[in-house]
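Please open the model in a viewer and keep the sequence panel visible. The tour proceeds by selection, one stop at a time.

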Amino acid sequence: MLLRLFSRVPEPGGVRETPREAGPEVTIMRHLLICGAAGFTNLGDDAILWGMLAQLRTIFPGRPIRVAGGPELASLLSPFDAIPVSYDDRAELARSIEEADLVIIGGGGLLYDVGYEADLSRLVGDPPDRH
């Protein structure tokens, strides 16, 4: 399973996370958001997105899913009834992140720690001051 849900169980000396089934508490989600590299005409990234969407539709049937990605995103999402969010519309992207109950961020090019803007501010606002 691509997505596993966990319950946090307090114990003496810490918290233990135990796998659990999706239950009624997850059905109140407003929406899910996937931020990734799909929609930029890379077959591998697009295939990963389709796999994620298939799993999420099984786990959260009927929940709204928004996907941030490239300009070719809309055609990829139609079989899954998901909503595209453009990285160019920073206000919509920031609103989608803020309102989401679950945000999934893909690796492989979205986040860098050296030689590029080192956080998500490049997606939702001005680059950080590097001085």
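Select S96 to begin; this residue belongs to helix α3, which spans residues 90-99. The coordinates come from a predicted model. Is S96 buried or exposed? Its relative accessibility is 1%, and because buried means under 20% relative accessible area, S96 counts as buried.

Next, display the surroundings of S96. Beyond its neighbours within four places in sequence, S96 is in contact with H31, L33, R66 and V85. With R66 there is a polar contact, side chain to side chain, at 3.2 Å.

From L33, extend the selection to strand β3, residues 32-35. The strand is covered on both faces: L32 and I34 are buried on one side, L33 and C35 on the other.

Now add the strands that pair with β3. Strand β4, residues 65-69, pairs with β3 in the parallel sense over 4 bridges. To locate this pairing, select C35 together with A68, its bridge partner in β4. Strand β6, residues 102-105, also runs parallel to β3 and is joined to it by 4 bridges. Here the residues to select are I34 and, opposite it in β6, I104.

Then bring in helix α1, residues 43-59, which forms a right-handed β-α-β unit with β3 and β4. Helix α1 has 17 residues, and the distance from its first C-alpha to its last is 24 Å, close to the 24 Å expected at 1.5 Å a residue.

Which residues of α1 are buried? They are D46, L49, M52, L53, L56 and I59. Turn the view to look down the axis of α1: the buried residues fall within an arc of 145 degrees, so they line one face of the helix. The general geometry is helpful at this point: an α-helix has 3.6 residues a turn, so residues three or four places apart point the same way.

To see what covers these buried residues, display β3, β4, α2 (73-77) and β6, which are included in the cover. On the face of α1 turned away from the buried side, select L43 and T58, which are exposed.

Finish at the N-terminal end of α1. Which residue caps this end? Select N42: one of its side-chain oxygens lies 2.9 Å from the backbone nitrogen of G44, and N42 thereby caps the helix.

Methods. Residues are numbered from 1 along each chain as its sequence is written. This is a predicted model: local features need pLDDT of at least 70, side-chain atom pairs count only at pLDDT 80 or more; totals for chains, interfaces and linings use all residues. Side-chain values use heavy atoms; hydrogens and water are left out. Buried means under 20% relative accessible area, exposed over 50%, partly exposed in between (1.4 Å probe, protein chains only). Helices (H or I, at least four residues) and strands (E, at least two) are DSSP runs, numbered from the N terminus. Two strands pair if DSSP finds at least two bridges between them. A crossover is right-handed if, with the strands pointing away from the viewer, the path from the first strand over the helix to the second runs clockwise. A polar contact is a pair of N or O atoms within 3.5 Å; within protein, one must be able to donate a hydrogen and the other to accept it, and residues adjacent in sequence count only if both atoms are side-chain atoms. Contact means heavy atoms within 4.5 Å. The expected span of a helix is 1.5 Å times one less than its number of residues. The arc is that of the directions from the helix axis to the C-beta atoms.
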